[in-house]
Amino acid sequence: HAKREQTGGPIWFESWMSEEYRESVVLEAELREAIARNELQLFYQPQVNLKTKTVDGCEALLRWFHPERGMISPAVFIPIAERSMLIEEIGMWVVQESVNQVRRWEGTPLESLRVSANLSVKELVSGRIVELLTNVRDLYPGIEQRMELEITESFGVFSDTRVFDALQTLHRLGYRLAIDDFGTGYSSLSYLSRLPIQRLKIDRSFISGTDACSNAPLIETIIRLAHTLKYDVVAEGIEQAEQGENLRKLDCEYGQGFYYSRPIPADEFEIWYDRYQEDIKQSG
Ligand code: C2E
Ligand code: MG
Ligand code: MG
Ligand code: MG
């Protein structure tokens, strides 16, 4: 097994380890330093009301700017972080930074937007994130209404009472909760109806690269299921106007995707928002 000292010590490799695994061990060591070195940043992507076209909120998506490798996707480094408690450190940073962003937008036109942060279920097990979010609400009353937490379903997670209890606590604190990537994971219907959530996010694989019509029966079934449980629905991966239009006709409330905007830094997001507001005013 790989042995590594906590702070920048040598990394030992065994001959049986694959190139990929060695690579991920190096990345993990570097990721450990990334927060202190200010290499993490949140990007924001709008979530649009498909009926009124207004922007309802935005999703905070993590980016790692590595000094040599450039930007590394969370799809690469989050799974690596999830192998250790590193994911919790990252989650603490993500929550804190999302809170900071909500506060920076106070008193600006973006004040009405909700910020959605992603949390891996691994982050909910120890209770530190829940404790942080409890303190945040005590410190800034009302902020819980302007934040949402997106939880990705994965096998059996909601039967873990620690995860279930953490969700209950967050719900009682007033935070909104959404299930991410719905339709690709393993959520059991019996748990789905008992979760203290407000929202399902339909995985983008049902939408991007399709006209959303070919998948309409499936998408419609997910939307009906959500509405039966009194959840609202966000469709991810909208890349063309037509997809948004088709989803609206299927009664999907919200949409998100490159068609509206890619995830961008906060300052660019502010500019995007101004321009978008102008556009919808003009198109009447
Ligand atoms: P996710 O939460 O489902 O985020 C949506 C992903 O879809 C994002 O990828 C986003 O850039 C991408 N996307 C948005 N619109 C479109 C579109 O129209 N077409 C296509 N093809 N893709 C689109 P990203 O930013 O690479 O994030 C990947 C995943 O990494 C996220 O999936 C989430 O599970 C995870 N992640 C991101 N930030 C965090 C974080 O702060 N904490 C945790 N635990 N996980 C995170
Ligand atoms: Mg998400
Ligand atoms: Mg996800
Ligand atoms: Mg998703």
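**Exercise 1. Work out where ligand 1 sits and which elements build the shell around it.**

Start with the location: in this predicted model, ligand 1 sits in the largest pocket. Next, look for the elements that give two or more residues to its shell; these are strand 2 (55–66), helix 2 (74–81) and strand 6 (176–182). Then ask who gives the largest share: that's strand 2, with 4 residues.

**Exercise 2. Describe the shell around ligand 1 by number and by class.**

Count the neighbours to begin with. You should get 23 residues surrounding ligand 1, and the closest are Arg63, Asp180, Arg204, Glu239 and Phe258. Now sort the shell by class: 8 residues are nonpolar, 6 are polar and 9 are charged.

**Exercise 3. Find polar partners for the oxygen atoms of ligand 1 among Arg63, Asn118 and Phe258, and say how much of the ligand the protein covers.**

Take the side chains to start. Arg63 puts a side-chain N or O atom 2.8 Å from an oxygen atom of ligand 1. For Asn118, a side-chain N or O atom lies 2.9 Å from an oxygen atom of the ligand. Now switch to the backbone: a polar backbone atom of Phe258 is 2.8 Å from an oxygen atom of ligand 1. As for coverage, ligand 1 has 800 Å² of accessible area on its own, and the protein covers 85% of that.

**Exercise 4. List the donors of the magnesium ion (ligand 2) and read their spacing along the chain.**

Go through the donor atoms: Glu59 (OE), Asn118 (OD1), Glu150 (OE) and Asp180 (OD) coordinate this ion at 2.0 to 2.2 Å. Written along the chain, the spacing is E-x58-N-x31-E-x29-D. Now place two of those donors. Glu59 belongs to strand 2 and Asn118 to strand 4 (residues 114–119), so the pair ties together parts that are 59 residues apart in sequence.

**Exercise 5. Do the same for the magnesium ion (ligand 4), then relate it to ligand 2.**

Here the protein donors are Asp180 (OD), Asp181 (OD) and Glu236, which is listed with OE twice, at 1.9 to 2.5 Å from the ion. Their spacing reads D-D-x54-E. Asp181 is in strand 6, while Glu236 is in the loop between strand 8 (232–235) and helix 8 (241–249); this pair links distant parts of the chain, 55 residues apart. Finally, compare the two donor lists: Asp180 coordinates both ligand 4 and ligand 2, and these magnesium ions are 4.2 Å apart. The magnesium ion (ligand 3) is separated from ligand 2 by 4.8 Å.

Key: Residues are numbered from 1 along each chain as its sequence is written. Chains are lettered from A and ligands numbered from 1 in the order in which they are written. This is a predicted model: local features need pLDDT of at least 70, side-chain atom pairs count only at pLDDT 80 or more; totals for chains, interfaces and linings use all residues. Side-chain values use heavy atoms; hydrogens and water are left out. A residue is near a molecule or strand if one of its heavy atoms lies within 4 Å of it. A polar contact is a pair of N or O atoms within 3.5 Å; within protein, one must be able to donate a hydrogen and the other to accept it, and residues adjacent in sequence count only if both atoms are side-chain atoms. Accessible areas come from the Shrake-Rupley method with a 1.4 Å probe; for residues, only the protein chains shown count as cover. On a 1 Å grid over the protein atoms alone, a cavity is a set of points where a 1.4 Å probe fits but cannot get out, and a pocket is an open set with protein on both sides within 12 Å along at least five of seven lines; lining residues have an atom within 4 Å of a point. A molecule sits in a cavity or pocket if more than half of its atoms lie within 2 Å of its grid points. Ala, Val, Leu, Ile, Met, Phe, Trp, Tyr, Cys and Pro count as nonpolar, Asp, Glu, Lys and Arg as charged, and the others, Gly among them, as polar. Donors are N, O and S atoms within 2.8 Å of the metal (3.2 Å for Na, K and Ca); water is not among the atoms, so sites may look incomplete.
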